[in-house]
Amino acid sequence: MDTEIVTYMLPWLLEALSLVFIYLFKRSRGNVSLLKFPMLYVEELEEKKSLLDLPDLALDSILKKLSPADLSKLSGVCKTLRDMCTSDHLWERHMKRKWGGLIADFTFKESQWSIASKIHQENLECPQKNGLVAFFSCKKSDRRRGKMSGTLPVDSVMALYLSIETGKLWFPAQVFNRENGYDGFVVSCYDAELSYDRHWCNFRARQLSWFSDDGRLTMEHNIDWNRLRAPAVECGPHTLHLSDCLDDLKPGDHIEIQWKREREHPYGWWYGVVGHLEPLQRCKVYCQCLRSDKVRLEFKQYDIASQWRETTIWRKNHGEIGDGSNGYYGGIRKISNKHEISMWQQHLPIKAM
C-alpha cells in the first residue's frame, strides 16, 4: 500500500521540487517575494517561444512542406493554426499533386458543389471516422466546455481533398480498357464515377449509363492508377463532341474518336491514328491525303480482318455516322500531347506495337 502511495505522489513531489529550484535560482539573482513563488512556474512557461512567434512568411513556408495528414493534425492545435492549415492555397498544392491527373478543371467546382450538397458536416468532424483531424478547437478546456467547436467548411479545398481521400465523394473520370481489356474494348476508355480506396490505393468505378440486366449500375473494382485519366472534354458521354481538328488531320496523327455500339448507349473513346488514303509507296512520292475531303482512320489494336480495323470520315459536315452493324462514330480529338499519347499506347496489345 505504501508503495502505491509513493508511486502516486512521486510526480507531484518532483513538480514541487522543480518549483523550489526555480524559486531558489530566482532568489539568488535578486530579491523575490515568497508571495510570487506560485507564479514562477507559469512565468517560465510564458517565456518559452511558440511556433506562432515566427514571421508569417516563415510559418507559411513550413506549412507548405507538411503532408496532408500533418496539416490536418496541426489544425487542431488552436484557432490561428486552424485558419492557416485549412487555407485553400495550401491544399490546392496537395490537390494538384495527387488528384490533378484525375480531376479536370471544369469538374473541380462541380465536385465542390457535390460536397456541399450531399455530405453532412458531421462526416468530417470525427477523426475516428476518417483518420484525419477535422474537429477544431482553440483549447482543450474550451472544447470540453463547447465554446469553440468549429467545423470544416464543406466548400473548401481541404474538404474536397478529404472527401476524395476517404472515398466519400464519387467524382467523374475516365477508365481505360473497360473490364480491364475485355475483347472488343481494348485501347478504349469509358466515362464513370470513381471512389478511392485509400487502404488498397486503388479505385472502384460505377458506369454512368451501362446498366446490368437487373437495372443496377455496373461496377468495376480494383482499378489501378494507370487505367485512369481526367475527362478529356467537357461534354458528357451522351453528347456529340464538336470536332475542331478535321481540317488539320494528316497521316500519322494520333486521334481519339467517340464510338458506341447502339444508338441509345453512351459514347466511349477509342484510340487510333490517321492513315494514308492510297498505298504507302504512292503516297511517299506525292501525298494528297491532306487535300482530300476524306480521312482514313486506323485502329491497329484490331486484327486486319476486323470490321473495326479502319473507317473513313469526311472533313466537312462531320457528325455521327454509322449503323446498327458497325456501331456509331462521333466526334474526334487530335492528340498532340506526348503524355496523352503514351497513356494510350501503354494499353496497346503487343501485336499492334
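These legends accompany close-up views of a predicted model.

**View 1. The whole chain, by element and surface.** The chain holds 13 helices and 13 strands. Buried residues account for 40% of its 353 residues. Its accessible surface is about 21,300 Å², with 54% belonging to carbon and sulfur atoms. Take the contacts between residues at least 6 apart in sequence: 57% of them join residues at least 24 apart.

**View 2. Confidence along the chain.** The mean pLDDT of the chain is 79, and 69% of its residues reach 70 or more. Strand β8 (residues 254-260) has the highest confidence, at a mean of 97. Strand β1 (residues 135-136) has the lowest, at 36. Residues 126-149 have pLDDT below 50. In the model, this stretch still has 53 contacts beyond near neighbours in sequence.

**View 3. The largest nonpolar core.** This core has 30 residues. Met 95, Trp 99, Ile 164, Phe 171, Val 175, Leu 194 and Phe 203 touch the most other members. At least two core residues come from each of α3 (56-64), α6 (88-99), α11 (157-165), β3 (171-176), β4 (188-197) and β5 (202-211). Helix α11 gives the most, with seven residues. Another core, of 29 residues, lies apart from this one. Cys 189, Leu 249, Tyr 329 and Ile 335 are among its members. In soluble globular proteins, nonpolar side chains tend to be buried together.

**View 4. Gln 174 and its polar partners.** Gln 174 lies in strand β3. Its relative accessibility is 2%, so Gln 174 counts as buried. Two polar contacts are shown for its side chain. One, of 3.3 Å, joins it to the side chain of Asp 191. The other, of 2.8 Å, reaches the side chain of Arg 229. Leaving out residues up to four places away in sequence, Gln 174 touches Cys 189, Tyr 190 and Asp 191. Also touched are Arg 227, Leu 228, Arg 229, Ala 230, Pro 231, Ala 232 and Trp 269.

**View 5. Phe 299 in a loop.** Phe 299 is found between β10 (294-298) and β11 (310-314). Phe 299 counts as buried because its relative accessibility is 3%. Val 273 is 26 residues away in sequence, yet the C-alpha atoms of Val 273 and Phe 299 are 6.7 Å apart. Neighbours within four places in sequence aside, Phe 299 is in contact with Ile 257, Trp 270, Tyr 271 and Gly 272. Trp 308, Arg 309, Glu 310, Thr 311 and Tyr 329 are also in contact with Phe 299. Tyr 329 is itself a member of the 29-residue core.

Key. Residues are numbered from 1 along each chain as its sequence is written. This is a predicted model: local features need pLDDT of at least 70, side-chain atom pairs count only at pLDDT 80 or more; totals for chains, interfaces and linings use all residues. Side-chain values use heavy atoms; hydrogens and water are left out. A nonpolar core is a set of buried Ala, Val, Leu, Ile, Met, Phe, Trp, Tyr and Cys residues joined through side-chain atoms within 4.5 Å. Buried means under 20% relative accessible area, exposed over 50%, partly exposed in between (1.4 Å probe, protein chains only). Helices (H or I, at least four residues) and strands (E, at least two) are DSSP runs, numbered from the N terminus. pLDDT is the predictor's confidence in each residue, from 0 to 100. Contact means heavy atoms within 4.5 Å. Accessible areas come from the Shrake-Rupley method with a 1.4 Å probe; for residues, only the protein chains shown count as cover. A polar contact is a pair of N or O atoms within 3.5 Å; within protein, one must be able to donate a hydrogen and the other to accept it, and residues adjacent in sequence count only if both atoms are side-chain atoms.
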